[in-house]
Amino acid sequence: TRIKGPKEKVPPDAALFLDGNLLPSAAPLLLVYHKPKFVLSVMEDDKKYKDQERKHLGQVLSARYKRCGMHPVGRLDYDTTGLILFSLEGKLTQRLLHP
């Protein structure tokens, strides 16, 4: 596929060539977040709990990253703190969760 201009979207797993030479792929984008207590490890709260207004990861992640498909890697209990990674790469997520 030829790229016709700077506004054209290219899939993150596309192989890119310049003058016939393969360009190195970019490192995967990972975001790191320290989850405080009483934040759900999901992007949206379950509809049946909407009246409780529990905070969730979808509220702490910037809209810019949500639009491009960032998702949490793993889960932590509601009442615990700890490191949560966000990734765009499904294969990387699988590898981290199931080594």
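This is a short dialogue about how the terms used for one predicted model are justified.

Trainee: What makes up the secondary structure of the chain?
Mentor: The model is predicted. Its chain has three helices and seven strands. Read from the N terminus, the order is β-β-β-β-β-α-α-β-β-α.

Trainee: Why is the chain called more spread out than a compact globule?
Mentor: Set the value against the rule. The radius of gyration is 17 Å, while the globule rule gives 13 Å for 99 residues. The value is well over the rule, so the chain is more spread out than a compact globule. The C-alpha atoms fill a box of roughly 55 × 30 × 20 Å along the principal axes.

Trainee: How many of the 99 residues count as buried?
Mentor: The share is 22%. Buried means under 20% relative accessible area. As for the surface, the chain exposes about 8,100 Å². Carbon and sulfur atoms supply 54% of that area.

Trainee: How do you know that strands S3 and S7 pair?
Mentor: Count the bridges. Pairing needs at least two bridges between the strands. S3 (residues 30-35) and S7 (residues 82-87) are joined by six, so they pair. The two strands run antiparallel. Within this pairing, Leu31 stands opposite Phe86 in S7.

Trainee: What makes S6 and S7 a pair?
Mentor: The test is again at least two bridges. Strand S6 (residues 71-73) and S7 have three, so the test is met. Their sense is antiparallel. Val73 has Leu85 in S7 as its bridge partner.

Trainee: Why is Asp19 called exposed?
Mentor: Exposed means over 50% relative accessible area. Asp19 has 74%, so it is exposed. Asp19 sits in the loop between S1 and strand S2 (21-22).

Trainee: What is notable about phi of Asp19?
Mentor: Phi of Asp19 is near 55°, a positive value in a residue other than glycine. Most residues other than glycine have a negative phi.

Trainee: Which loop holds Phe38?
Mentor: Phe38 lies in the loop between S3 and strand S4 (39-40). Phi of Phe38 is near 65°, and that is also a positive value in a residue other than glycine.

Trainee: Why is Phe38 called partly exposed?
Mentor: Partly exposed covers the range between under 20% and over 50%. Phe38 has a relative accessible area of 47%, so partly exposed is the right term.

Trainee: Why does Ala14 count as partly exposed?
Mentor: The relative accessibility of Ala14 is 31%. That is neither under 20% nor over 50%, so Ala14 counts as partly exposed. Ala14 lies in the segment before strand S1 (17-18). Ala14 and Ser25 are eleven residues apart in sequence, and their C-alpha atoms are 8.6 Å apart in space.

Trainee: What makes Val10 partly exposed?
Mentor: Val10 has a relative accessible area of 36%. The value falls between the two cut-offs, so Val10 is partly exposed. Val10 is found in the segment before S1.

Trainee: Which residues does Val10 touch, not counting those up to four places away in sequence?
Mentor: They are Ile3 and Leu16. A contact needs heavy atoms within 4.5 Å. Val10 and Pro99 are 89 residues apart in sequence and 29 Å apart in space, C-alpha to C-alpha.

Trainee: How many positive and negative side chains does the chain have?
Mentor: There are 17 positive and 11 negative side chains. The centres of the two sets lie 4 Å apart.

How values were computed: Residues are numbered from 1 along each chain as its sequence is written. This is a predicted model: local features need pLDDT of at least 70, side-chain atom pairs count only at pLDDT 80 or more; totals for chains, interfaces and linings use all residues. Side-chain values use heavy atoms; hydrogens and water are left out. Helices (H or I, at least four residues) and strands (E, at least two) are DSSP runs, numbered from the N terminus. Buried means under 20% relative accessible area, exposed over 50%, partly exposed in between (1.4 Å probe, protein chains only). The radius of gyration is taken over C-alpha atoms; the globule rule is 2.2 Å times the number of residues to the power 0.38. Accessible areas come from the Shrake-Rupley method with a 1.4 Å probe; for residues, only the protein chains shown count as cover. Lys and Arg count as positive and Asp and Glu as negative; His and the chain ends are not counted. The place of a charge is taken as NZ of Lys, CZ of Arg, CG of Asp or CD of Glu.
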